[in-house]
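Student: Could we take a close look at just one part of this model? I'd like the local geometry first, then how that part fits in with the rest.

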Amino acid sequence: MSKVVTTYHQRIAQEKRVLILTAATALFLELGYDRTSLARIAERSGVSRATLFKQFPSKAALFDAMVTESWATAGEAAAPPAGNIVDGLTTIGRRYAELLGRAQMTDLFRIVIAELPRFPELANAQFSQGRMPYFESVRGYLLAEHEAGTVRIEDVDLAATQFLGMISNYVFWPALLVPGWEVSAERVAQVVDEAVRTIAARYATTGPGPSTND
């Protein structure tokens with residue numbers, strides 16, 4: 001099979017994957033996880049059952065894929081190099097705010113919260129496959145800064161939680177709970193900048209210098 005044909009089939013498979021994930025998310029929100037069958041998802045997405053089962057043999061596999069897609073930035077973007085805590089955290093903070101601003105992230109959390117009493121495994125998947133790998137990437141960056149001597153952090157887990165929490169508590173959680181909640185791009189940038197300044201003021205071994213990200 002030629003490279004052109006292979007690329008074409010890969011593109012078609014990816015397009016169908018997106019259709020399936022979009023349909024599954026909509027149906028999980030409308031009907032709930034339990035009442036949504038793979039057959040119904042195939043019908044809503046416009047793909048054959050054989051195509052859907054080839055990519056996702058079970059609802060659990062489909063939900064795992066939803067988690068992976070929603071947290072995709074975590075694995076795609078390399079951590080900033082250590083050496084400038086302001087620049088590094090600004091890059092990470094902006095990525096995190098963009099990630100939380102995606103509609104698919106809000107939808108994913110709503111599904112997990114609604115189904116938690118009956119399907120705790122969905123929350124476990126969201127935590128272990130999505131949130132924790134992202135958290136570990138931020139923790140790893142702060143640890144690298146600590147080892148480089150730019151910050152002094154005794155509890156890296158706590159510092160990472162503080163930084164991400166300052167952003168998510170303003171950008172994400174109100175949007176999840178309050179209909180119509182919106183935060184302007186300017187306000188998001190301010191929230192990230194303040195979170196960076198707070199962490200730098202608390203942990204940097206020298207005063208935070210000017211950022212080169214602006």
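Which residue just after α8 takes a positive phi, and of about how many degrees?

Tutor: That's Gly149, with a phi of about 85°. Bear in mind that this is a predicted model, where local features need pLDDT of at least 70 and side-chain atom pairs 80 or more, while totals for chains, interfaces and linings use all residues. Numbering runs from 1 along each chain as its sequence is written, and side-chain values use heavy atoms, without hydrogens or water.

Now back along α8 itself, residues 120-148 (helices are DSSP runs of H or I, at least four residues, numbered from the N terminus). Its 29 residues should span 42 Å at 1.5 Å a residue (times one less than the residue count), and the end C-alpha atoms sit 40 Å apart, which agrees. The helix isn't straight, though: α8 bends by about 35° at Met132, with Pro133 following within four residues (the angle between axes fitted to the seven residues ending there and the seven starting there).

Several α8 residues are buried, among them Leu122, Ala125, Gln126, Tyr134, Phe135, Leu142 and Glu145 (under 20% relative accessible area, 1.4 Å probe, protein chains only). Leu142 turns up again in the largest nonpolar core: of its 60 residues, Ile41, Phe63, Trp71, Ile85, Leu142 and Phe163 touch the most other members (buried Ala, Val, Leu, Ile, Met, Phe, Trp, Tyr and Cys, joined through side-chain atoms within 4.5 Å). Alongside α8, helices including α4 (59-70), α7 (103-115) and α11 each supply at least two residues of this core. Follow Phe63 back to α8: leaving aside neighbours within four places in sequence, its contacts (heavy atoms within 4.5 Å) include Leu122 and Ala125, plus Phe28, Tyr33 and Leu108.

Conventions
Buried means under 20% relative accessible area, exposed over 50%, partly exposed in between (1.4 Å probe, protein chains only).
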